[in-house]
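Trainee: I've got a model open and I'd like to learn how to read it. Can we begin with the place where the chains touch?

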Amino acid sequence: MNPVLLILGIPLTATVILAAVPNRTIAARLNALASLATFITALSLFVARPAPTLFLFIDDFNVYLVVLTSFVAFTTSWFSASYIEHEVEIGRLTPISLRFYHAMYQIMTFSMLLALVANNIGLMWVAIEAATLTTVVMVSLYRTQESIEAAWKYFILASVGIAMALFGTILIYLAAQPVLTGGVEAMAWIALKARAAEFDAGILNLAFVFLLIGYGTKVGLVPLHAWLPDAHAEGPTPISAVLSGLLLNVGLYAVLRFKMILAGNAHVIDPGALLLTMGTTSLLFAGLMLYRRRDIKRLFAYSSIEHMGIIAFSFGIGGPLANFAGLLHMALHSLTKSAIFFAVGHIAQVKGTQKLPEIRGLTTSHPAIGWGLVLGVIAIAGLPPMGLFMSEFLVVTSAMARQPWLAVPMVIGLAIAFGALAMRLQQVAFGEPRGSSAPVSASLVPMYLHLALVFVAGFWLPGPLVTWFQNVAHLLGK
Amino acid sequence: MRTGFEFDIAHTISTSVLLLSFALLYQRRMVGVLHAFTVQALLVGAAAAWQAYIQDAPHLYITALIAWVFKATIIPLALHSIIRRLGIHRTVEPVVGINLTLLAGVALVILSILLVFPVAHASTALTRENLALALSIVLLGLLMMITRRNAVSQVIGFMSLENGLVLAAVGVKGMPLVVEMSVAFSVLVAFIVFGMFLFRIRERFDTLDLQYLETFRGDHQGERR
């Protein structure tokens with residue numbers, strides 16, 4: 001049996017089961033178990049890679065995102081079990097909305113995985129649309145005025161993005177149709193990539209602009225980012241972790257796939273320049289916005305925009321080294337940011353607030369979580385010895401090598417963001433504790449597991465991983 | 001093969017859809033907007049059915065059916081009841097003056113023609129003109145979303161944008177998955193309408209609406225109080 005079908009089938013089956021399970025403890029465990037099963041099946045892709053079919057395929061690029069997505073989905077479901085327990089105790093969630101939550105969690109996993117393994121630009125579009133819908137529903141889960149407003153805003157902006165992406169998708173088909181003689185084949189990634197040189201360059205240019213605006217909304221690139229901070233702040237924290245850690249990556253994956261098609265055609269505009277501009281703007285804008293945040297989840301949401309900017313920048317620079325750095329940064333950012341959201345979730349629950357001024361002295365009141373957050377912020381700010389230091393270092397050096405003056409705004413942006421994060425970290429983690437000091441009864445394994453991986457990546461990457469990142473970096477082209 | 005007659009019919013329908021996009025922009029009452037949208041959805045269904053006939057692609061009849069049943073019947077009925085419940089049937093609450101919006105609309109149509117014609121010179125004339133019309137409808141839908149304050153007309157703007165996409169998709173010869181995509185889009189629209197119904201959303205929320213900034217931006221509250 002094709003393991004890809006299993007990877008998609010497990011979350012889909014789990015959705016049906018979880019919708020029917022009334023007991024919340026069992027449901028939370030089943031949710032984690034299903035996610036673990038998906039992750040283990042995804043790991044099998046390293047050993048044996050199935051042959052591409054008409055609609056599904058696995059190649060060097062998406063295999064690592066499939067494994068990363070299923071891994072973070074699994075650890076988040078683990079974190080979510082203890083998080084949700086607390087939310088029910090304080091009465092923020094009812095048993096019915098919890099059942100809904102677990103079922104939606106699995107559909108979300110399913111649609112993100114489907115977007116990654118789809119060998120068809122139309123199918124990928126449908127999957128990303130489904131992922132958008134499920135996350136919108138999740139953001140509005142608390143039914144507060146703020147969460148509904150945030151969900152509505154996310155919904156409208158993402159819908160417009162999705163619509164633009166569909167127009168781009170139609171244009172790609174229009175470009176491919178004369179060469180590939182129409183049919184499903186003319187929407188398959190493999191065929192599109194192989195024959196890209198013969199497509200009409202003008203149509204490809206137009207298509208890429210629409211696709212970049214459309215899927216760029218999902219990535220949260222400035223100026224298309226307006227939904228992102230609100231959606232992160234008002235929804236349940238496990239969803240913030242998944243949004244930042246996974247959904248933004250899926251959006252970027254879509255953009256990069258289309259960039260690969262353009263890379264195969266000699267007469268098109270350079271998509272890198274567009275990515276560079278949006279990346280640099282996102283980095284500088286989000287870096288400055290970090291200073292004025294009063295809400296801890298908004299703070300890290302802006303930090304996600306900043307990091308998506310860095311990643312877009314490095315793919316925009318192009319070339320094997322910068323692409324390598326971008327891929328590495330994508331993986332490490334999603335591990336680190338979800339770890340930070342795990343910590344933030346527990347902190348917000350025990351303190352009863354998300355407001356930064358009311359959270360103080362965490363390393364004294366809650367050493368385990370507090371130091372976890374410190375480590376996470378050290379990593380996200382790009383300090384050694386954590387892995388993100390290495391990837392940011394690679395981004396800067398590759399920029400230096402190819403277009404030295406572009407490294408200047410990059411370094412300035414990194415410094416601005418570092419200053420903001422250091423300032424906030426100092427206030428939140430150290431000093432006199434403020435607010436409740438009640439102990440947290442939650443599993444800290446997911447958070448420390450992610451941080452350990454990021455730490456190890458700081459000085460050692462397994463050989464096969466490096467070779468395989470290099471292959472993908474070549475696939476991505478100039 | 002396509003004859004001149006088939007070409008003309010397809011062309012006429014697409015152009016009428018574009019005209020209705022303008023009609024959407026100059027309506028001053030919500031009920032008028034809704035009627036204009038209903039007619040537009042009927043025409044998009046007709047365009048899909050005509051393409052199904054001339055391309056000999058029976059699956060496009062399903063797209064036509066979705067347009068007629070879902071977009072031209074169910075959605076307008078639901079929106080009528082929302083408008084009644086929220087008591088907003090009188091005004092469309094434009095952000096910018098209607099004349100200015102129409103001028104901007106004309107500029108957008110010119111822009112899309114200038115954009116598409118030189119690019120798509122390789123494709124057939126029908127596809128090319130269809131694409132330019134579809135892009136105009138998409139841009140006019142966006143314009144409507146930007147220039148209206150009330151959520152119902154914003155949603156109608158979104159749906160007319162989607163009508164443009166359906167027009168583009170059915171006009172490109174032999175495009176697969178059109179039906180699947182229009183189903184996916186209908187689900188999206190159904191969610192939007194359902195959400196408005198459930199949460200009684202009257203106004204759009206975004207950073208342009210200054211009166212909302214105070215309550216909306218959780219992180220500014222600390223400084224203002």
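Mentor: Sure, and keep in mind that this is a predicted model. The contact draws on 37 residues of chain A and 40 residues of chain B.

Trainee: Which elements give two or more residues to the side of chain A that touches chain B?

Mentor: Those are helix H5 (121-139), helix H6 (145-180) and helix H8 (201-219) of chain A. H6(A) supplies the largest share, 16 residues.

Trainee: How do the residues on that side of chain A divide into nonpolar, polar and charged?

Mentor: You get 21 nonpolar, six polar and 10 charged.

Trainee: Okay, now packing inside a chain. What describes two packed helices?

Mentor: In general, you give the angle between their axes and the distance between the axes. Here, take helix H13 (residues 319-351) and helix H16 (residues 387-402) of chain A: they pack at about 155 degrees, with axes 8 Å apart. Angles over 145 count as roughly antiparallel, so H13(A) is roughly antiparallel to H16(A). The crossing of H13(A) past H16(A) is left-handed.

Trainee: Which residues meet there?

Mentor: From H13(A), they include A:Phe324, A:Leu328 and A:His333; among those in H16(A) are A:Leu388, A:Val395 and A:Arg402. The residues of this contact split into nine nonpolar, seven polar and one charged.

Trainee: Where in chain A is confidence lowest, and where is it highest?

Mentor: The mean pLDDT of chain A is 91, with 100% of its residues at 70 or more. Helix H19 (residues 463-475) of chain A is lowest, at a mean of 85, and helix H12 (residues 296-317) of chain A is highest, at 95.

Note on methods
Residues are numbered from 1 along each chain as its sequence is written. Chains are lettered from A and ligands numbered from 1 in the order in which they are written. This is a predicted model: local features need pLDDT of at least 70, side-chain atom pairs count only at pLDDT 80 or more; totals for chains, interfaces and linings use all residues. pLDDT is the predictor's confidence in each residue, from 0 to 100. Helices (H or I, at least four residues) and strands (E, at least two) are DSSP runs, numbered from the N terminus. Axes are lines fitted to C-alpha atoms, for helices over the stretch in contact, and angles run from 0 to 180 degrees between N-to-C directions. Angles under 35 degrees count as roughly parallel, over 145 as roughly antiparallel, 65 to 115 as roughly perpendicular and the rest as oblique. A crossing is left-handed if the near helix is turned anticlockwise from the far one by less than a right angle, and right-handed if clockwise. Two residues are in contact if their C-beta atoms, placed from the backbone, lie within 7 Å. Ala, Val, Leu, Ile, Met, Phe, Trp, Tyr, Cys and Pro count as nonpolar, Asp, Glu, Lys and Arg as charged, and the others, Gly among them, as polar.
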